[in-house]
Amino acid sequence: MSNAVSALQGASFDGYCKVEEAGLVGMITLRGDLSSEGVAKTVKTATGAEMPGQGQITEGAKGRAGWMSPDELLLIVDHAKAADVVEAASKSLAKEHALVVNVSDARAVYRVKGAVCREVIAKLTPADTSVMQPGMLRRTRIAQIPAAFYLEDDETAVLVCFRSVAQYAFDLLKDAAKPGGEVFG
């Protein structure tokens, strides 16, 4: 049995959007040649998802695959299965120049839920959230910290950051979602 705990152990805040820590999420960094058939097959096996294009995140039966850079993907899977996924992916890519690392416990994940979840994120990032649609992923910053975010659906934004700044990120999101802070326009 795992002794893992999420960064903020389920912290949540109800503002004009709800901000909540997502709990334990399996996250795997896969670096390699993203045009490789072996990488595409490994991603499909690990997540059930197709290879994402630049700025995209795809979803499959077992998880998601997000494009992070020209040679890097973030695989999002069940936390309890992350180590097994890393082992299988490493074996699958053993003959390729690739790196597969479980980064689950080095990350914190938040959901911002509500009709104007894009607005909450927009207050904190230079990325244009007005054009964001489900299936798009942005690797950017939130205030002064590196982060990535995507939309699960039109009313749920998911934000990933380093665990070392988990409380700071949560406080930023809470402040941006406080009642009375809505942007009218």
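## Pocket, cavity and cores

The largest pocket here has a volume of about 230 Å³. This is a predicted model, where local features need pLDDT of at least 70 and side-chain atom pairs count only at pLDDT 80 or more, while totals for chains, interfaces and linings use all residues. Residues are numbered from 1 along each chain as its sequence is written, and side-chain values use heavy atoms, with hydrogens and water left out.

On a 1 Å grid over the protein atoms alone, a pocket is an open set of points with protein on both sides within 12 Å along at least five of seven lines, a cavity is a set where a 1.4 Å probe fits but cannot get out, and lining residues have an atom within 4 Å of a point.

| Space | Volume | Nearest its centre |
|---|---|---|
| Largest pocket | about 230 Å³ | Met68, Arg107, Arg139, Ala147, Phe162 |
| Largest cavity | about 60 Å³ | Gly23, Leu24, Val25, Ser104, Arg107 |

The pocket lining splits into nine nonpolar, two polar and three charged residues; for the cavity, it's six nonpolar, four polar and four charged.

Now the packing. The largest nonpolar core (buried Ala, Val, Leu, Ile, Met, Phe, Trp, Tyr and Cys joined through side-chain atoms within 4.5 Å; buried means under 20% relative accessible area with a 1.4 Å probe, protein chains only) has 30 residues, and Tyr110, Val112, Leu159 and Leu173 have the most contacts inside it. Looking past neighbours within four places in sequence, Leu173 touches Val19, Tyr110, Val112, Val120, Ile121, Leu124 and Leu159 (contact: heavy atoms within 4.5 Å). Apart from this core sits another, of 18 residues, including Ala49, Leu75, Val86 and Leu93.

Key: Buried < 20%, exposed > 50% of the residue type's maximum accessible area, 1.4 Å probe, protein only. Points joined across faces, edges and corners; volume = space filled by probe spheres on them. Nonpolar A, V, L, I, M, F, W, Y, C, P; charged D, E, K, R; others polar.
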